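Trainee: I am new to this structure and would like to take a careful look at one part of it. Could you walk me through that part slowly, and then show me how its surroundings fit in?

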Amino acid sequence: MIGEEGDGDNVGTSARNKRCRNKQQAGKDVAVQGTNDSSIVSKCSMASLGYFNDGFLKGFANKTTRRAPLINRGYYVRAKAVDYSLHCFLQKTASYSQRQILSLGAGFDSLYFRLKASGELENVIVYEVDFPDVVQRKATLIKNKQEFMELVGCMNEIKPAQMDNLYLCGLDYKLLGIDMTEIVELDNLLMETGLNPACPTLLLSEVVLTYMRDASSSAVIHWAANRFSSAIFVVYEQIRPDDPFGQVMQQHFTQLNSTLHALIQFPGKEAQRKRFLSEGWEECHCIDMNEFYTGFIPEQEKRRIEMLEPFDEYEEWHLKCSHYLILSASKGDLKTCLLFHPPPGKIKTKEAEHGNWALGTHLCFSSLSDNVTKVI
């Protein structure tokens, strides 16, 4: 009897622990979803000042706030890196009869509407995936705006009884709500909604995989490498957790209940590159955002950015850029489509004259918290 009672206690304790873990994870998921709301406001600020041309972002924001110039610049270089990746893919695959973009953790991203309005989605189907709550909100915003609905065009709204996770289904736009840690269910849902593994595909993840535990994010990377015959996986996320700026960056996200899991095992560019190669990708290249800005933004564009608003926080700007990367992993016919190589020679800019910005040695540790919060 004692043994049976003990077993019962163990089962009860196990069940309570599981409920507790599930509740904790649900809280973390909500916190991660909250980063979408902050991000869309920052993107709107950046676009409204003329950094990046996207008139659709404001349709997804519930408020407008002018961010600090440092934040605007951060979101600008992020937008330019993702846009560069998208256009490389679209140009390389222009001759194909069918192409796909799969945005993982898409949030309120407006890329479909921006590219569709500019006529750049010929023979392209865009799939967006995020948590059901986020996707449901996005679907509602789209349905309530005529300019969005006109771009989506003929739309079939799948009833929940038929397919719980498909919130919008246009001819070239599919909006799916599912937890990406459920990789089998994600795969089944994408196949049911028409994703073609044989078509050239661009997968996009902007500060998404790092919020997942390493086993789950690695499963997504491995699944994508196995599922698609010709594909590019583009990732934008944080790196370099060990210097003072990186330590405060980690603390900032931890306090938001949005831990950056990938930073521990994959702290830098080389670790990230090896990760994707080990999960089945044939090529992988990555650079930090200083390298992208120096090597991929034309000088004329840089001069235009300098004129948009007063700015003198170059040290903080380069610190931020040194702690984010843009990565491209590729395979099949798209193996050499998008290669991010660092610019030749040492990065030389007038801003670098301020000192050793890459290490953050000119910013005292006590002031780093405010600077990281401003930049991220």
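How many aromatic pairs does the count come to, and what can be said about the strands and rings around strand β8?

Mentor: This is a predicted model, and everything that follows should be read with that in mind. The count comes to 23 aromatic pairs. One of them joins W223 and F228, whose ring centres lie 5.7 Å apart with planes at 80 degrees, so this pair is edge-to-face. Both partners are covered: W223 counts as buried at 10% relative accessibility, and F228 is buried as well, with a relative accessible area of 1%. A second pair leads us towards the strands you asked about, for the rings of F233 and F276 have their centres 5.6 Å apart and their planes at 80 degrees, so that pair is edge-to-face too. Because F233 lies in strand β6 (residues 231–238) and F276 in helix α10 (residues 269–278), the contact ties together parts that are 43 residues apart in sequence. Here again both residues are buried, F233 at 0% relative accessibility and F276 with a relative accessible area of 1%.

From F233 we can step along β6 to its neighbour, since 8 bridges join β6 to β8 and the two strands run antiparallel. Strand β8 (residues 324–331) has a further partner in β7, with which it pairs in the antiparallel sense over 6 bridges. A good place to see both pairings is S328 in β8, which is the bridge partner of V234 and also the bridge partner of H285. If you then look for another point along the pairing of β7 with β8, you will find D288 standing opposite L325.

The covering of these strands is worth following residue by residue. In β7 (residues 283–288), 5 of the 6 residues are buried, and the strand is described as mostly covered. In β8, 8 of the 8 residues are buried. In a regular strand the side chains alternate between the two faces of the sheet. For β8 the two sets can be named: Y324, I326, S328 and S330 point one way, while L325, L327, A329 and K331 point the other way, and all of them are buried. The residue S328 that we met as a bridge partner therefore belongs with Y324, I326 and S330, whereas L325, which stands opposite D288, belongs to the other set.

Just before β8 in the sequence you will come to helix α13 (residues 314–322), where 9 of the 9 residues are buried, so the helix is largely enclosed by the rest of the structure. Its buried residues are Y314, E315, E316, W317, H318, L319, K320, C321 and S322, a list that includes charged side chains as well as aromatic ones. One residue of α13 also reaches towards the strand, for K320 lies over the face of Y324, at 4.2 Å from the ring centre. A similar arrangement is found with R73 and F311, where the charged end of R73 sits over the ring of F311, 4.1 Å from its centre.

Moving to another part of the chain, you can find one aromatic cluster formed by F56, F60, F108, Y112, F113, F148 and Y173. There is also an enclosed space to look for, since the count comes to 1 cavity of 30 Å³ or more, and its volume is about 160 Å³. Its lining is made by 15 residues, of which K43, F52, A79, D109 and R114 lie nearest the centre. Three helices, α1 (2–48), α2 (69–92) and α3 (111–117), each supply at least two residues of that lining, and α2 gives the largest share, with 5 residues. By character, the lining divides into 8 nonpolar, 1 polar and 6 charged residues.

Two residues in loops complete the tour. N123 has a positive phi of about 60 degrees although it is not a glycine, and its place is in the loop between α3 and β2 (124–130). At 36% relative accessibility, N123 counts as partly exposed. R240 likewise has a positive phi of about 60 degrees without being a glycine, and R240 is found in the loop between β6 and α8 (244–255). With a relative accessibility of 24%, R240 counts as partly exposed.

Methods
Residues are numbered from 1 along each chain as its sequence is written. This is a predicted model: local features need pLDDT of at least 70, side-chain atom pairs count only at pLDDT 80 or more; totals for chains, interfaces and linings use all residues. Side-chain values use heavy atoms; hydrogens and water are left out. On a 1 Å grid over the protein atoms alone, a cavity is a set of points where a 1.4 Å probe fits but cannot get out, and a pocket is an open set with protein on both sides within 12 Å along at least five of seven lines; lining residues have an atom within 4 Å of a point. Grid points are joined across faces, edges and corners, and a volume is the space filled by probe spheres set on the points. Helices (H or I, at least four residues) and strands (E, at least two) are DSSP runs, numbered from the N terminus. Rings of Phe, Tyr and Trp (its six-membered ring) pair if their centres lie within 6.5 Å; planes under 30 degrees apart count as stacked, over 60 as edge-to-face and the rest as tilted. Buried means under 20% relative accessible area, exposed over 50%, partly exposed in between (1.4 Å probe, protein chains only). A charge sits over a ring if NZ of Lys or CZ of Arg is within 6 Å of the ring centre and within 35 degrees of the ring normal. Two strands pair if DSSP finds at least two bridges between them.
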